[in-house]
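Biologist: I'd like to learn how to read a protein fold. Could you walk me through one?

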Amino acid sequence: KRKKFKKKEKPKVSVISPIHNRERFLRTFLNCIQHQNFDNIEIILVDDKSTDNGVNLLEKYQKEDKRIKIIKNKRNKGTLLARNIGVLYSQAKYLIIPDPDDIISKDIISTCLYYAEKYKFEIVRFYAYTGDKKQDIKFVNKIESRPVYQPELQTYLFYGNNELKQVDFGIKNKMIKKKLFIKVLNSLNNFYLNIYMTYLEDQLMNFVLYKTAKSFYKLNKFGYYYKRNNVSICNNLFKLSHMRMKFHFIYLKLVFEYSKNTKYEKDMANYLFSRILKKINVEKEFSTSFLNDDFNFYYDIINKLLNCKFTSEENNLILLKLKKLIRIKK
């Protein structure tokens, strides 16, 4: 039997999850959090103006478990803001921020906490199980647990395994020191603190965390399990490619601000814009009327991309077309 959580005991770890219409996944998610082998946690659930019966279910769980705190947004603010609201409510020393339609292993909090406390790591990263057991085990067996410090950590973010590829995009598979997360929030300008964002938002925060952290531990252990579903925010967003494009450009804006005048700026811009071209017909989306209020935002980023001088002439031509299109519409 799991011991009862003492309300007066200050939690060591906050498990924070932004929730929007995820009723069907909540029982499985909450059960995996409640039955961790480490009890001294608080569970912060930020309901982002759901329209299903998820809140009623959360309230039932809350009656039985005093560690659960429910925050109800009066309007839908998007995953980025909902998650950050949860962090600001946290009373713990460390954060772990899973999505409510996924699960974490029952020992991952205690394992990460051991390394964070004993060796003072600001971030402890574990691996996410993708669903291909043979491939995942083969991959993890090649990776050694080891610490990473600056400036290597920044290079690790930008280049990964000696190729132009970010090592990981999310903050879901990490234990993060709260002081570090608050430091990152304080470093962001109001644009990112108020923007509605439901895609790439964890990559955005992850980028600044890597840039800001002094110590990081790469843990050779699975602890996060994706539960693929066809009603996820990302899957629904793929029907709205113009929204995906906007989120990509918000991410590009941040990358320019945080890698300005460094050796990484050009490489990151080239890499990220190439990803956009693979996923979205950018020229087609720029022809739609939704851009009416965003001309200056896109125009500024396109100019910065042009200054990076892409190695691909095709990419440069697309950027020039977009710039010309914006001039005409303005």
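Modeller: Sure, and let's begin with handedness. A crossover is right-handed if, with the strands pointing away from the viewer, the path from the first strand over the helix to the second runs clockwise. Keep in mind that this is a predicted model.

Biologist: Okay, so which elements make a right-handed β-α-β unit here?

Modeller: Strand 1 (residues 13-19), helix 1 (residues 23-34) and strand 2 (residues 41-47) do. Strand 2 also belongs to a right-handed β-α-β unit with helix 2 (residues 54-64) and strand 3 (residues 68-72).

Biologist: How many bridges join strand 1 to strand 2, and do they run parallel or antiparallel?

Modeller: There are seven bridges, and the two strands run parallel. For one pair to look up, find Ile16, which stands opposite Ile44 in strand 2. On to strand 3: strand 2 pairs with it over five bridges, again in the parallel sense. There, Val46 has Ile71 as its bridge partner.

Biologist: And what should I look for in the side chains of a strand?

Modeller: In a regular strand, side chains alternate between the two faces of the sheet. Now try that on strand 2: Ile41, Ile43, Leu45 and Asp47 are on one side, with Glu42, Ile44 and Val46 on the other.

Biologist: Are those residues of strand 2 buried or exposed?

Modeller: Buried, on both faces. Seven of the seven residues of strand 2 are buried, so the strand is largely enclosed by the rest of the structure. Across the protein, 54% of the 330 residues are buried.

Biologist: Let's move to helices. How do I describe two that pack together?

Modeller: You give the angle between their axes and the distance between the axes. Take helix 6 (residues 152-159) and helix 9 (residues 201-212): the angle is about 150 degrees and the axes are 8 Å apart. Angles over 145 degrees count as roughly antiparallel, so helix 6 is roughly antiparallel to helix 9.

Biologist: Which residues make that contact between helix 6 and helix 9?

Modeller: Helix 6 brings Leu153, Gln154, Tyr156, Leu157 and Phe158, while helix 9 brings Phe207, Tyr210 and Lys211. By class, this contact has six nonpolar residues, one polar and one charged.

Biologist: What about helix 7 and helix 9, at what angle do they pack?

Modeller: Helix 7 (residues 178-187) packs on helix 9 at about 110 degrees, with the axes 10 Å apart. That makes helix 7 roughly perpendicular to helix 9. Leu180, Phe181, Lys183, Val184, Leu185 and Ser187 of helix 7 meet Met205, Val208, Leu209 and Thr212 of helix 9. Their classes are seven nonpolar, two polar and one charged.

Biologist: Can we zoom in on single residues? Why does His248 count as buried?

Modeller: Buried means under 20% relative accessible area. His248 counts as buried because its relative accessibility is 3%. It lies in helix 11 (residues 241-258). Leaving aside neighbours within four places in sequence, His248 is in contact with Tyr199, Leu200, Arg275, Ile276, Lys279 and Ile280.

Biologist: And which residues does Leu319 touch?

Modeller: Not counting residues up to four places away in sequence, Leu319 touches Phe273, Ile302, Leu305, Leu306 and Phe310. Leu319 is in helix 15 (residues 313-329), and at 0% relative accessibility it counts as buried.

Biologist: How much of the contact in the protein joins residues at least 24 apart?

Modeller: Among contacts between residues at least 6 apart in sequence, 83% do.

Technical notes:
Residues numbered from 1 in each chain as written. Predicted model: local features only at pLDDT ≥ 70, side-chain atom pairs only at ≥ 80, totals over all residues. Heavy atoms only, no water. Axes fitted to C-alpha atoms, helices over the stretch in contact; angles between N-to-C directions. Helix = DSSP H or I, 4+ residues; strand = E, 2+ residues; numbered from the N terminus. Parallel < 35°, antiparallel > 145°, perpendicular 65-115°, else oblique. Contact = heavy atoms within 4.5 Å. Nonpolar A, V, L, I, M, F, W, Y, C, P; charged D, E, K, R; others polar. Buried < 20%, exposed > 50% of the residue type's maximum accessible area, 1.4 Å probe, protein only. Pairing = 2+ DSSP bridges.
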